[in-house]
Structure formats: structure tokens, C-alpha cells
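Student: Could we go through this model together and ask, term by term, what justifies each description?

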Amino acid sequence: MVQRLKDNGHDTRPEGYGLVFLESEEFSVTYFGSIAQIEQYKRENTDGTATFDASQGVMYAKWPRGKGWDDILPRTFWNVHARGGIADGVGLITAFAHTETPGAEVIVYEFEGKWSPGSEPQQVVTYHCTACHKDTLHDGGHVHENTGPLSRRWAARQAREHILSAHRHGVGGTNQCLPPQQRRDAARRERCRPRHARHHG
């Protein structure tokens, strides 16, 4: 990343870089600025009301990943207890109004769950459609390990695809609640199915 900054003429901080990882419900960016600016912002933002001046540095889309980054980036959650969340990684991320069922929503949320009865609890993320299932216990679920913004973006994308599927197939349709790849496979099988059988004697 530093080499990319140099190549773009932005490597003007020989003393090092301060990093801020920003995230909205569906998008994330990495900010590179001075260490002094980041430290000042941390001091001023103890109550969460400080304004951050992004014009002093450079922003890049998404958070860095891979060797060298995965070990130093903290595992983050949308809901944080210190900022009023029930617990770290437990709570609502966003919700989309259902286009086919008035008053219904597709809710994206993170929670602590187990992959199997004897396993250790982990932070996971998923979505739930109130038009398809009133009770989350009966939701087929499309659960993903909650490791950062990409996990949460995945869940939000699944939720939007679920709404599009309801528009195409109807709420509770045969293919509507299937994961996207299974829906595509089912649609392909439907297109390839013979419309009438021919018998030759």
C-alpha cells in the first residue's frame, strides 16, 4: 500500500501513517493520514461526536486484506457495546423494505451463534425476511462468519437478492427462499425441462 501511495505521489509522510478504517452499512474505506491527526481525532472523539477531516489524507475503497494486513487489522463489528450496542457483534446492521409485502422487511443483523450444538459460539452475520418467516427460528438462514465489512456486505447483498427473488418468483415461491446459486441452478433446470414428451412407436 505504501508503494501505491508513492506511485501516486502521496507518500509524503516519512514518519509513518495513521490509519482509519471506516464502514457504513454496506461500504468500507481505508483512510491514510498523519499519525498526529489520528491521535488528535481519537482524543476528541471519546464521546463519538468529533468531526473527521478526510481532506488531510488519502482514502482508498475497502479495507486492505492479505498477508501483512490480516494479522494487524482488528476484528470489528457493526454493533459495539461501548457505543450503546447490546454486546459486541450483536444487533441490527440495516433493513430493507420488502417490495412485495407491505410492512415487511428483510433485516440484516449480526449475532453470536454456533455452527453445531457442541461447537464454541462465534460472531456471525445473516439476514431475515419477515414476509417469509415471522419467527427467526424457522428461517432457512444464510449465515456467514462475521469477520469484517466484507462479511456484512455479503449479508446485505444476500438480503437484496432475496427481495429481487420475491419480485421474480413471488413470496414463498418454489425458488424464492433458496440461496442465489441454487435459485440460478433451479431456473436453469426449469428452462431446460421438456415442455411436452414425444413418444415414437
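**Reasoning from values to terms**

Tutor: The model is a predicted one, and we can begin with Q123, whose place is in strand β6 (residues 122-129).

Student: Why is Q123 called buried?

Tutor: Buried means under 20% relative accessible area, and Q123 has 12% relative accessibility, so Q123 counts as buried. Leaving aside neighbours within four places in sequence, Q123 is in contact with residues including R75, G89 and E145.

Student: What makes the approach of the Q123 side chain to the backbone oxygen of G89 a polar contact?

Tutor: The side chain of Q123 reaches that backbone oxygen of G89 at 3.1 Å, and because a polar contact requires a pair of N or O atoms within 3.5 Å, the distance satisfies the cut-off.

Student: Why do R152 and E23 count as a salt bridge?

Tutor: Their side chains meet at 2.7 Å, N to O, and because the cut-off is 4 Å, the pair qualifies. The pair links distant parts of the chain, with R152 in helix α3 (residues 149-169) and E23 in strand β1 (residues 18-23), 129 residues apart.

Student: Which of the words buried and partly exposed applies to R152, and which to E23?

Tutor: R152, at 0% relative accessibility, counts as buried, whereas E23, at 23%, counts as partly exposed, because that term covers values from 20% to 50%.

Student: What joins E23, E110 and R152 into one network?

Tutor: E110 forms a salt bridge with R152, the closest N and O atoms being 4.0 Å apart. Salt bridges that share partners thus join E23, E110 and R152 into one network.

Key:
Residues numbered from 1 in each chain as written. Predicted model: local features only at pLDDT ≥ 70, side-chain atom pairs only at ≥ 80, totals over all residues. Heavy atoms only, no water. Helix = DSSP H or I, 4+ residues; strand = E, 2+ residues; numbered from the N terminus. Buried < 20%, exposed > 50% of the residue type's maximum accessible area, 1.4 Å probe, protein only. Polar contact = N/O pair within 3.5 Å; in protein donor to acceptor, adjacent residues only side chain to side chain. Contact = heavy atoms within 4.5 Å.
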